[in-house]
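Biologist: Got a minute to go through this one with me? I'd like to hear how you get to each answer.

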Amino acid sequence: MLDFDFNSLAFPVSLPLSFSTSHVFCVLLCKSKKMEDYVVNTIIGAVIFWTTLLFMIRKMLPDRSYEFCNRLVSTTHATLGVTLAALSVQDWSSPVSPLASNSTPKQMKTLAISVGYFIYDLICSQFDKKSSVDNSVHHLVCIVGLAAGLAYQKCGSEMVAALFITEMSTPFLHFREFLKELGYRDAPLNLAADIMFALIFSVARMIGGPYLTYVTLSADNPLLIKAMASGLQLVSIFWFYKILRMVKYKLIAKPTSMKKIA
């Protein structure tokens, strides 16, 4: 049976990358004298929470794969992250304002929870056969970028906007994989999930993303924050290219192949 594996376009990942990510984060954390204690405690608590949640899901769903359970954790984080990011926006008439300003406590907590998740997921991804270098690079950029913002206690508006934009499409990404494991690989619902994921990702990351990157680079933000914003946008462009290939296969190549078989 013909099908397209979105992860097949990725590269194999190695453990040293996760170790280097953890090292960079620890150095940034240790060298920062501005990191609030409650932020550090929130990050540590978040790592413990997401890890515990994975074990609980594995216990409740023993017949499901490790990847399936980890994707449930990721979906939970994406839903929570988007919700908290939306709640921490100071002014919806100008969601990314004020630029280069001091972060509010609500923004700091939101970002700390996500830093804890990305640390957890980077480690867990090493046990996933479909793990990839581009996904690990994405996590590296997120961890270092968010941690830098927490250390500087600045750029809260830009960072919660980035969290909102990047996590919007995540539930749909995982939903399509849930359907495959549940036996609906070739069902119309799976194709609908693919299309929804592609549309939301494209609008969020290729329209909202470039705008957010532009205002972040234009504002008086620390150099590290600007570098991480650029890096995240580059990863998004690469993933957008992969999504275009997926859409081409799903809507053009696969139907043509099925007609030839019939």
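Here is our chat about a predicted model, from record annotations to helix packing and ring pairs.

Biologist: Which residues does UniProt list under "transmembrane region"?

Modeller: That comes from an unreviewed UniProt entry, so to speak straight off the record. The entry lists residues 38-56, 191-211 and 223-241.

Biologist: Residues 191-211: what are the helix and strand percentages, and how far apart are the end C-alpha atoms?

Modeller: Strand is at 0% there, and helix is at 100%. For residues 38-56 the percentages are likewise 100% helix and 0% strand, with the end C-alpha atoms 26 Å apart. Over residues 191-211, the distance between the end C-alpha atoms is 29 Å.

Biologist: Are H4 and H5 roughly parallel or antiparallel to each other?

Modeller: Take H4 as residues 105-124 and H5 as residues 133-152; their axes come within 9 Å and cross at roughly 150 degrees. Angles over 145 count as roughly antiparallel. H4 and H5 are therefore roughly antiparallel.

Biologist: Which residues of H5 make that contact, and how many of the contact residues are nonpolar?

Modeller: On the H5 side you have Ser136, His138, His139, Cys142, Ile143, Leu146, Ala147 and Leu150. H4 brings residues including Met108, Leu111 and Phe118. By class, the contact has one charged and four polar residues, and the nonpolar ones number twelve.

Biologist: How do the rings of Trp92 and Phe164 pair up?

Modeller: The count of aromatic pairs is seven. For Trp92 and Phe164, the ring centres are 6.4 Å apart and the planes sit at 75 degrees, so the pair is edge-to-face.

Note on methods: Residues are numbered from 1 along each chain as its sequence is written. This is a predicted model: local features need pLDDT of at least 70, side-chain atom pairs count only at pLDDT 80 or more; totals for chains, interfaces and linings use all residues. Side-chain values use heavy atoms; hydrogens and water are left out. Helices (H or I, at least four residues) and strands (E, at least two) are DSSP runs, numbered from the N terminus. Axes are lines fitted to C-alpha atoms, for helices over the stretch in contact, and angles run from 0 to 180 degrees between N-to-C directions. Angles under 35 degrees count as roughly parallel, over 145 as roughly antiparallel, 65 to 115 as roughly perpendicular and the rest as oblique. Contact means heavy atoms within 4.5 Å. Ala, Val, Leu, Ile, Met, Phe, Trp, Tyr, Cys and Pro count as nonpolar, Asp, Glu, Lys and Arg as charged, and the others, Gly among them, as polar. Rings of Phe, Tyr and Trp (its six-membered ring) pair if their centres lie within 6.5 Å; planes under 30 degrees apart count as stacked, over 60 as edge-to-face and the rest as tilted.
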